[in-house]
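Student: Could you pick one part of this fold and go through it closely with me? I'd like to see how its pieces fit together, and then what lies around it.

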Amino acid sequence: MNSHDISMGGKLACSEAMCRSRLCQHVMGGHLEKRHKVLQRGDRLGLDDGACRKVWIILQGMAAICYGLADGRRQILGLETSGHIMCGMNSSGQNGSWIEALSETVLCEIDLTCLGTAAYPGGPRRNGQQLITELFAVIHQRLEACSAHLVTLGRLDSTERVTLFLVDMASRIGRPVGQSLYFELPMTREDIADYLGLNTETISRVFSRLKKSRLVQFPSRSAIAIPDPKALERRLPVDIPDFSSTSHVSNFLSAVNAPQPARDGALT
(Lines give C-alpha, C1' and ligand atoms only; values in the text may rest on other atoms or scores of the structure.)
Protein backbone atom coordinates (compact mmCIF):
# COMPACT_ATOMS: atom_id res chain seq x y z
CA MET A 1 0.00 0.00 0.00
CA ASN A 2 2.81 2.44 0.85
CA SER A 3 4.25 2.18 -2.67
CA HIS A 4 1.15 3.89 -4.05
CA ASP A 5 1.80 7.16 -2.19
CA ILE A 6 -1.62 7.37 -0.53
CA SER A 7 -2.35 10.85 0.71
CA MET A 8 -3.40 11.65 4.27
CA GLY A 9 -6.87 12.59 3.01
CA GLY A 10 -7.52 9.04 1.90
CA LYS A 11 -7.70 10.02 -1.78
CA LEU A 12 -5.23 9.13 -4.49
CA ALA A 13 -5.09 10.73 -7.91
CA CYS A 14 -4.88 8.00 -10.52
CA SER A 15 -1.24 7.06 -10.77
CA GLU A 16 0.45 5.09 -13.53
CA ALA A 17 2.01 2.79 -10.92
CA MET A 18 -1.39 1.58 -9.67
CA CYS A 19 -3.36 1.76 -12.91
CA ARG A 20 -0.87 -0.32 -14.86
CA SER A 21 -2.17 -3.47 -13.18
CA ARG A 22 -5.79 -2.37 -12.58
CA LEU A 23 -8.90 -2.36 -14.72
CA CYS A 24 -9.37 1.38 -14.31
CA GLN A 25 -6.35 1.96 -16.56
CA HIS A 26 -8.75 1.98 -19.53
CA VAL A 27 -10.52 5.16 -18.45
CA MET A 28 -9.07 8.12 -20.32
CA GLY A 29 -7.93 10.98 -18.13
CA GLY A 30 -9.47 14.30 -18.96
CA HIS A 31 -12.85 12.99 -20.13
CA LEU A 32 -14.16 11.56 -16.87
CA GLU A 33 -13.34 12.52 -13.33
CA LYS A 34 -11.61 9.52 -11.81
CA ARG A 35 -9.73 9.02 -8.57
CA HIS A 36 -8.70 6.35 -6.16
CA LYS A 37 -10.07 6.31 -2.64
CA VAL A 38 -8.50 4.34 0.17
CA LEU A 39 -10.84 3.38 2.99
CA GLN A 40 -9.94 1.89 6.35
CA ARG A 41 -12.31 -0.52 8.06
CA GLY A 42 -15.46 1.36 9.11
CA ASP A 43 -15.00 4.26 6.67
CA ARG A 44 -18.15 5.14 4.73
CA LEU A 45 -19.11 6.65 1.38
CA GLY A 46 -22.67 7.98 1.11
CA LEU A 47 -24.92 6.78 -1.74
CA ASP A 48 -27.89 9.09 -1.18
CA ASP A 49 -27.57 10.88 -4.52
CA GLY A 50 -28.55 7.58 -6.20
CA ALA A 51 -29.19 7.26 -9.96
CA CYS A 52 -25.77 5.71 -10.65
CA ARG A 53 -24.15 9.11 -11.10
CA LYS A 54 -20.95 7.54 -9.85
CA VAL A 55 -19.59 4.02 -9.92
CA TRP A 56 -16.93 2.48 -7.71
CA ILE A 57 -14.74 -0.43 -8.72
CA ILE A 58 -13.14 -2.38 -5.89
CA LEU A 59 -9.46 -2.77 -6.64
CA GLN A 60 -8.53 -4.34 -3.32
CA GLY A 61 -10.27 -5.36 -0.10
CA MET A 62 -13.90 -5.96 0.85
CA ALA A 63 -16.79 -3.54 1.26
CA ALA A 64 -20.48 -3.71 2.07
CA ILE A 65 -23.43 -1.85 0.62
CA CYS A 66 -25.51 -0.87 3.65
CA TYR A 67 -28.94 0.55 4.43
CA GLY A 68 -29.76 2.26 7.70
CA LEU A 69 -33.06 1.93 9.55
CA ALA A 70 -34.50 4.91 11.43
CA ASP A 71 -33.71 3.26 14.79
CA GLY A 72 -30.03 2.87 13.92
CA ARG A 73 -30.03 -0.75 12.83
CA ARG A 74 -28.02 -1.65 9.74
CA GLN A 75 -28.87 -4.07 6.94
CA ILE A 76 -26.03 -5.16 4.67
CA LEU A 77 -27.48 -5.45 1.18
CA GLY A 78 -24.40 -6.76 -0.59
CA LEU A 79 -20.83 -7.88 0.00
CA GLU A 80 -18.39 -6.69 -2.63
CA THR A 81 -14.87 -7.98 -3.30
CA SER A 82 -12.09 -7.20 -5.76
CA GLY A 83 -13.36 -6.61 -9.31
CA HIS A 84 -16.94 -5.77 -8.35
CA ILE A 85 -18.71 -2.60 -9.49
CA MET A 86 -20.93 -0.65 -7.08
CA CYS A 87 -23.34 2.18 -7.78
CA GLY A 88 -25.92 4.14 -5.81
CA MET A 89 -29.45 2.93 -6.58
CA ASN A 90 -31.34 4.43 -3.64
CA SER A 91 -32.42 7.98 -4.45
CA SER A 92 -35.05 8.40 -1.71
CA GLY A 93 -32.53 9.58 0.88
CA GLN A 94 -34.92 8.72 3.73
CA ASN A 95 -32.64 6.73 6.00
CA GLY A 96 -29.47 6.67 3.95
CA SER A 97 -27.41 4.04 2.22
CA TRP A 98 -23.68 3.84 2.04
CA ILE A 99 -20.59 1.84 1.11
CA GLU A 100 -18.73 0.68 4.21
CA ALA A 101 -15.22 -0.77 4.17
CA LEU A 102 -14.94 -4.11 5.98
CA SER A 103 -11.17 -4.15 5.55
CA GLU A 104 -8.61 -1.76 4.11
CA THR A 105 -10.14 -1.14 0.69
CA VAL A 106 -8.98 0.64 -2.46
CA LEU A 107 -11.71 1.94 -4.78
CA CYS A 108 -11.59 3.52 -8.20
CA GLU A 109 -14.34 6.16 -8.31
CA ILE A 110 -15.60 7.22 -11.73
CA ASP A 111 -17.95 10.20 -12.02
CA LEU A 112 -20.39 9.71 -14.92
CA THR A 113 -22.24 13.00 -14.46
CA CYS A 114 -20.50 14.76 -17.33
CA LEU A 115 -21.48 12.09 -19.87
CA GLY A 116 -24.86 13.75 -20.34
CA THR A 117 -23.52 17.28 -20.64
CA ALA A 118 -21.69 19.36 -23.19
CA ALA A 119 -18.59 19.14 -20.98
CA TYR A 120 -18.00 15.63 -22.24
CA PRO A 121 -16.41 15.68 -25.73
CA GLY A 122 -19.05 14.79 -28.29
CA GLY A 123 -21.85 14.56 -25.73
CA PRO A 124 -24.05 11.52 -25.25
CA ARG A 125 -24.76 10.93 -28.96
CA ARG A 126 -21.24 9.91 -29.80
CA ASN A 127 -20.39 7.91 -26.73
CA GLY A 128 -23.76 7.11 -25.24
CA GLN A 129 -25.12 3.98 -26.89
CA GLN A 130 -22.35 1.54 -26.02
CA LEU A 131 -21.92 3.02 -22.57
CA ILE A 132 -25.66 2.75 -21.82
CA THR A 133 -25.61 -0.89 -22.93
CA GLU A 134 -22.74 -1.75 -20.64
CA LEU A 135 -24.10 0.30 -17.73
CA PHE A 136 -27.39 -1.57 -18.10
CA ALA A 137 -25.47 -4.86 -17.86
CA VAL A 138 -23.85 -3.67 -14.63
CA ILE A 139 -27.20 -2.61 -13.14
CA HIS A 140 -28.79 -5.89 -14.24
CA GLN A 141 -26.04 -7.78 -12.42
CA ARG A 142 -26.76 -5.74 -9.29
CA LEU A 143 -30.46 -6.58 -9.51
CA GLU A 144 -29.68 -10.29 -9.90
CA ALA A 145 -27.53 -10.15 -6.77
CA CYS A 146 -30.28 -8.34 -4.84
CA SER A 147 -32.88 -10.89 -5.97
CA ALA A 148 -30.69 -13.79 -4.86
CA HIS A 149 -30.17 -12.15 -1.47
CA LEU A 150 -33.92 -11.66 -1.07
CA VAL A 151 -34.40 -15.41 -1.54
CA THR A 152 -31.71 -16.05 1.08
CA LEU A 153 -33.37 -13.77 3.63
CA GLY A 154 -36.92 -14.80 2.83
CA ARG A 155 -36.78 -18.57 2.39
CA LEU A 156 -33.60 -20.06 3.91
CA ASP A 157 -33.32 -20.98 7.57
CA SER A 158 -30.44 -19.78 9.73
CA THR A 159 -28.19 -22.79 9.06
CA GLU A 160 -28.77 -22.56 5.32
CA ARG A 161 -28.06 -18.83 5.30
CA VAL A 162 -24.75 -19.22 7.13
CA THR A 163 -23.76 -22.22 5.02
CA LEU A 164 -24.50 -20.34 1.79
CA PHE A 165 -22.55 -17.35 3.07
CA LEU A 166 -19.46 -19.45 3.86
CA VAL A 167 -19.50 -21.28 0.53
CA ASP A 168 -19.97 -17.96 -1.29
CA MET A 169 -17.03 -16.37 0.52
CA ALA A 170 -14.87 -19.44 -0.12
CA SER A 171 -15.63 -19.27 -3.85
CA ARG A 172 -14.78 -15.56 -3.95
CA ILE A 173 -11.74 -15.16 -1.73
CA GLY A 174 -10.72 -18.71 -0.81
CA ARG A 175 -7.48 -20.37 -1.84
CA PRO A 176 -6.69 -24.09 -1.99
CA VAL A 177 -4.72 -25.52 0.91
CA GLY A 178 -4.45 -29.24 0.32
CA GLN A 179 -7.99 -30.46 -0.29
CA SER A 180 -9.53 -27.56 1.63
CA LEU A 181 -10.53 -24.03 0.69
CA TYR A 182 -9.04 -21.55 3.15
CA PHE A 183 -9.83 -17.86 3.58
CA GLU A 184 -9.41 -15.00 6.03
CA LEU A 185 -12.75 -13.32 6.65
CA PRO A 186 -12.47 -9.59 7.49
CA MET A 187 -15.93 -9.51 9.07
CA THR A 188 -17.12 -9.58 12.65
CA ARG A 189 -20.02 -11.75 13.82
CA GLU A 190 -22.08 -8.53 13.85
CA ASP A 191 -21.22 -7.86 10.19
CA ILE A 192 -22.31 -11.37 9.22
CA ALA A 193 -25.51 -11.04 11.26
CA ASP A 194 -26.38 -7.72 9.57
CA TYR A 195 -25.87 -9.33 6.17
CA LEU A 196 -27.90 -12.48 6.88
CA GLY A 197 -30.70 -10.89 8.91
CA LEU A 198 -29.80 -12.84 12.05
CA ASN A 199 -28.36 -12.01 15.45
CA THR A 200 -24.80 -12.66 16.56
CA GLU A 201 -25.83 -15.44 18.97
CA THR A 202 -27.42 -17.37 16.09
CA ILE A 203 -24.30 -16.93 13.97
CA SER A 204 -22.14 -18.36 16.76
CA ARG A 205 -24.50 -21.31 17.32
CA VAL A 206 -24.52 -22.22 13.63
CA PHE A 207 -20.73 -21.91 13.47
CA SER A 208 -20.48 -24.31 16.42
CA ARG A 209 -22.80 -26.83 14.74
CA LEU A 210 -20.86 -26.69 11.50
CA LYS A 211 -17.61 -27.13 13.40
CA LYS A 212 -18.97 -30.22 15.22
CA SER A 213 -20.09 -31.68 11.90
CA ARG A 214 -16.51 -31.22 10.62
CA LEU A 215 -17.81 -29.49 7.52
CA VAL A 216 -16.08 -26.25 8.52
CA GLN A 217 -12.91 -25.63 10.48
CA PHE A 218 -11.94 -22.45 12.34
CA PRO A 219 -8.13 -22.27 12.74
CA SER A 220 -8.62 -18.82 14.31
CA ARG A 221 -11.49 -16.40 14.84
CA SER A 222 -11.03 -14.84 11.40
CA ALA A 223 -9.69 -17.88 9.50
CA ILE A 224 -12.02 -20.45 7.96
CA ALA A 225 -11.25 -23.70 6.17
CA ILE A 226 -13.74 -25.86 4.30
CA PRO A 227 -12.34 -29.41 3.89
CA ASP A 228 -14.98 -30.54 1.37
CA PRO A 229 -16.76 -27.62 -0.35
CA LYS A 230 -18.94 -29.94 -2.41
CA ALA A 231 -20.25 -31.67 0.71
CA LEU A 232 -21.19 -28.28 2.14
CA GLU A 233 -22.87 -27.24 -1.11
CA ARG A 234 -25.00 -30.40 -1.09
CA ARG A 235 -26.61 -29.13 2.11
CA LEU A 236 -28.06 -26.14 0.27
CA PRO A 237 -31.39 -25.95 -1.58
CA VAL A 238 -30.07 -23.22 -3.92
CA ASP A 239 -27.13 -22.84 -6.27
CA ILE A 240 -24.12 -20.81 -5.26
CA PRO A 241 -24.52 -17.33 -6.80
CA ASP A 242 -21.89 -16.22 -9.27
CA PHE A 243 -22.08 -12.49 -9.75
CA SER A 244 -18.48 -11.78 -10.63
CA SER A 245 -18.32 -8.33 -12.22
CA THR A 246 -14.91 -8.68 -13.84
CA SER A 247 -16.28 -8.97 -17.37
CA HIS A 248 -18.70 -6.12 -16.70
CA VAL A 249 -15.79 -3.96 -15.53
CA SER A 250 -13.80 -4.60 -18.69
CA ASN A 251 -16.77 -4.05 -21.00
CA PHE A 252 -17.94 -0.99 -19.12
CA LEU A 253 -14.57 0.73 -19.14
CA SER A 254 -14.02 -0.17 -22.78
CA ALA A 255 -17.34 1.46 -23.61
CA VAL A 256 -16.36 4.61 -21.73
CA ASN A 257 -13.22 4.97 -23.81
CA ALA A 258 -14.18 3.43 -27.15
CA PRO A 259 -13.32 5.71 -30.08
CA GLN A 260 -16.60 6.88 -31.59
CA PRO A 261 -17.20 7.96 -35.20
CA ALA A 262 -17.29 11.71 -35.57
CA ARG A 263 -19.93 13.40 -37.72
CA ASP A 264 -17.59 13.41 -40.72
CA GLY A 265 -16.88 9.68 -40.27
CA ALA A 266 -13.38 10.14 -38.85
CA LEU A 267 -12.35 8.34 -35.68
CA THR A 268 -11.58 10.40 -32.60
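Tutor: Let's start with a single rung: G46 has W98 in β8 as its bridge partner. Keep in mind that this is a predicted model. The rung belongs to the pairing of β3 with β8 (residues 97-101), where the two strands run antiparallel and are joined by three bridges.

Now step back to the sheet around that rung. Four strands make it up, ordered β3-β8-β5-β6, with antiparallel pairing, and the sheet is open. β3 (44-46) and β6 (74-81) are the edge strands, and each has a single partner, so one side of each lacks a neighbour in the sheet. From one strand to the next, the twist averages 25°.

Move across the order from β8 and you reach β5. These two also run antiparallel, this time with five bridges between them. If you want a rung to click on, A64 is bridged to E100 in β8. On the other flank, β5 pairs with β6, again antiparallel, through seven bridges. Here a handy marker is C66, which sits opposite I76 in β6. β5 and β6 are also a hairpin, with five residues in between, and G72 in that turn has a positive phi of about 100°.

How enclosed is β5? Six of its seven residues are buried, so the strand is largely shut in by the rest of the structure. For context, 45% of the 268 residues in the protein chain are buried.

Before leaving the sheet, have a look at the lead-in to β8. G96 is in the loop between β7 (85-87) and β8. At a relative accessible area of 8%, G96 is under the 20% cut-off, so it counts as buried. Its C-alpha is 6.2 Å from that of Y67, although the two residues are 29 apart along the chain. Contacts over long stretches of sequence are well represented here: of the contacts in the protein chain with a separation of 6 or more, 72% are between residues 24 or more positions apart.

Next, what lies on the sheet? Helix α3 (residues 158-173) lies across β5 (62-68) and β6, and runs at about 30° to β6. From α3 we can carry on to α5, since the axes of α3 and α5 come within 10 Å and cross at roughly 75°. That makes the two helices roughly perpendicular to each other. On the α3 side, S158, T159, V162, T163 and L166 take part, and they meet T202, I203, V206, F207, R209 and L210 in α5. Sorted by class, this contact has six nonpolar, four polar and one charged residues.

α5 has another helix to deal with as well. Its axis and that of helix α4 (residues 189-196) come within 8 Å, crossing at roughly 100°. So α4 and α5 are roughly perpendicular too. From α4, the residues involved are R189, E190, I192, A193 and L196, which meet T200, I203, S204 and F207 in α5. The class breakdown for this contact is five nonpolar, two polar and two charged. Notice that I203 and F207 turn up in the α3 contact and again in the α4 contact.

F207 deserves another moment. Its relative accessibility is 4%, so it counts as buried. The model has two aromatic pairs. One of them is F207 with F218, a tilted pair at 4.9 Å centre to centre with 35° between the planes. F207 is in helix α5 (residues 200-212), while F218 is in the loop between α5 and β12 (223-226), so the pair ties together parts eleven residues apart in sequence. F218 has a relative accessible area of 17%, so it is buried as well.

That loop holds a contrasting residue too. R214 is located in the loop between α5 and β12. With 71% relative accessibility, R214 is over the 50% cut-off and so counts as exposed. Its backbone is worth checking: R214 is not a glycine, yet its phi is positive, at about 65°. Most residues other than glycine have a negative phi.

To place all this in the whole chain, the secondary structure comes to seven helices and twelve strands.

Technical notes. Residues are numbered from 1 along each chain as its sequence is written. This is a predicted model: local features need pLDDT of at least 70, side-chain atom pairs count only at pLDDT 80 or more; totals for chains, interfaces and linings use all residues. Side-chain values use heavy atoms; hydrogens and water are left out. Rings of Phe, Tyr and Trp (its six-membered ring) pair if their centres lie within 6.5 Å; planes under 30 degrees apart count as stacked, over 60 as edge-to-face and the rest as tilted. Buried means under 20% relative accessible area, exposed over 50%, partly exposed in between (1.4 Å probe, protein chains only). Two strands pair if DSSP finds at least two bridges between them. Axes are lines fitted to C-alpha atoms, for helices over the stretch in contact, and angles run from 0 to 180 degrees between N-to-C directions. Contact means heavy atoms within 4.5 Å. Angles under 35 degrees count as roughly parallel, over 145 as roughly antiparallel, 65 to 115 as roughly perpendicular and the rest as oblique. Ala, Val, Leu, Ile, Met, Phe, Trp, Tyr, Cys and Pro count as nonpolar, Asp, Glu, Lys and Arg as charged, and the others, Gly among them, as polar.
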